[in-house]
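Reader: Please choose one part of this model and take me through it closely, residue by residue where that helps. I would like one connected account rather than a list.

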Amino acid sequence: MLIAGNWKMNGLRADLDVVRQFADLADTHKGAVDVAVGVPHTLLQAAAECADGTALRIGAQDCHHEESGAHTGCVSAPMLRDAGARFTILGHSERRQHQGESDADVKAKAEAALAAGLEIIICVGETEAERDTGKAEAVVTRQLTASLAACEAERLTIAYEPVWAIGTGRTPTVDDVAAMHGRIRSLLTERWGSGGKDILILYGGSMNASNAGELLAVDNVEGGLVGGASLTEKAFAPIVEAAAGLG
Ligand code: PGA
């Protein structure tokens, strides 16, 4: 199990205390659940220092697809690694929607992140209109197939995040989660063979203290990508504890 926080565009140096609390949480539950948090670029180095020597994994939320160059305002994967990131989230729906990232962009970023020694969490998920018109599985299949770079299974994590569940308080039924995670699992085993069975598939979208136990118990759900409920230890700890309870 892996519980990964996604701080999005939240967090100042004053919030490093929360990173320290997450590090304690990660150490307490070490062996039962891995704990990670994707922080804004500005906090990477300081957060990595807070997590140093603990079980907490610090990561980023995006990267540029090139190593360096004339890209004003962008941050490359080697820069993230240099600042202390161990992984990066890629292809989050907020970036696909608001920054216009395509599957090909996500794949190029994945290649850059892997080349820099980062692990990657690739996000996929359908919009509400796509679900309502019966296209959810086709959309996720296309995103997954087209966004995945060639890599060892150990360095890859997938997050299934229905766009309509992100930040809305709404979640799919456990049957819908089971069906989509099962579909993702078959795509992974088609591509990686038996290694595809070990790739973690996280659920993301309004996961919180009240629904985590139920969502994490679904077949092929091996953790969560948590936005809003990862901003405080009070909200995040019960999710980590629920995951630890399920082993
Ligand atoms: P949420 O965000 O938990 O606030 O719904 C999840 C995500 O976007 O990764």
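Author: A good place to enter is a single bridge, the one in which Ala36 has Arg57 of β3 as its partner. The model is a predicted one, and what follows should be read as a description of that prediction. The bridge of Ala36 with Arg57 belongs to the pairing of strand β2 (residues 34-38) with strand β3 (residues 57-60), two strands that run parallel and are joined by 3 bridges. Strands of a sheet pair through backbone hydrogen bonds, and the pairing may be either parallel or antiparallel.

From this pair one can step out to the whole arrangement, in which 8 strands close into a barrel, following the order β1-β2-β3-β4-β5-β6-β7-β8 with parallel pairing. On average, and with direction ignored, neighbouring strands here are turned by 25 degrees against each other.

Further along that order comes β5, which pairs with a strand on either side. Strand β4 (residues 87-90) runs parallel to β5 and is joined to it by 4 bridges, and Thr88 finds its bridge partner in Ile120 of β5. Towards strand β6 (residues 156-160), β5 again runs parallel, this time with 5 bridges, and there Ile121 is partnered by Thr157 of β6. Of the 6 residues of β5 (residues 119-124), 5 are buried, so this strand is largely enclosed by the rest of the structure.

Beyond β7 (200-204), the chain enters the loop that leads to α9 (212-216), and Asn208 lies in this loop. With a relative accessibility of 29%, Asn208 counts as partly exposed. The side chain of Asn208 reaches the backbone nitrogen of Ser210 at 2.9 Å, while, once neighbours within four places in sequence are set aside, Asn208 is in contact with Ala229 and Ile239. Val226 is 18 residues away from Asn208 along the chain, and the C-alpha atoms of these two residues are separated by 7.8 Å.

The helices deserve one closing look. Helix α7 (residues 136-147) packs with helix α8 (residues 174-192) at an angle of about 35 degrees, their axes being 11 Å apart, and α7 passes α8 in a right-handed crossing. On the side of α7 the contact is made by Ala136, Glu137, Val140, Thr141, Leu144 and Thr145, and on the side of α8 by Met180, Arg183, Ile184, Leu187, Leu188 and Arg191. Sorted by class, this contact comprises 7 nonpolar, 2 polar and 3 charged residues.

Key: Residues are numbered from 1 along each chain as its sequence is written. This is a predicted model: local features need pLDDT of at least 70, side-chain atom pairs count only at pLDDT 80 or more; totals for chains, interfaces and linings use all residues. Side-chain values use heavy atoms; hydrogens and water are left out. Buried means under 20% relative accessible area, exposed over 50%, partly exposed in between (1.4 Å probe, protein chains only). Contact means heavy atoms within 4.5 Å. A polar contact is a pair of N or O atoms within 3.5 Å; within protein, one must be able to donate a hydrogen and the other to accept it, and residues adjacent in sequence count only if both atoms are side-chain atoms. Axes are lines fitted to C-alpha atoms, for helices over the stretch in contact, and angles run from 0 to 180 degrees between N-to-C directions. A crossing is left-handed if the near helix is turned anticlockwise from the far one by less than a right angle, and right-handed if clockwise. Ala, Val, Leu, Ile, Met, Phe, Trp, Tyr, Cys and Pro count as nonpolar, Asp, Glu, Lys and Arg as charged, and the others, Gly among them, as polar. Two strands pair if DSSP finds at least two bridges between them.
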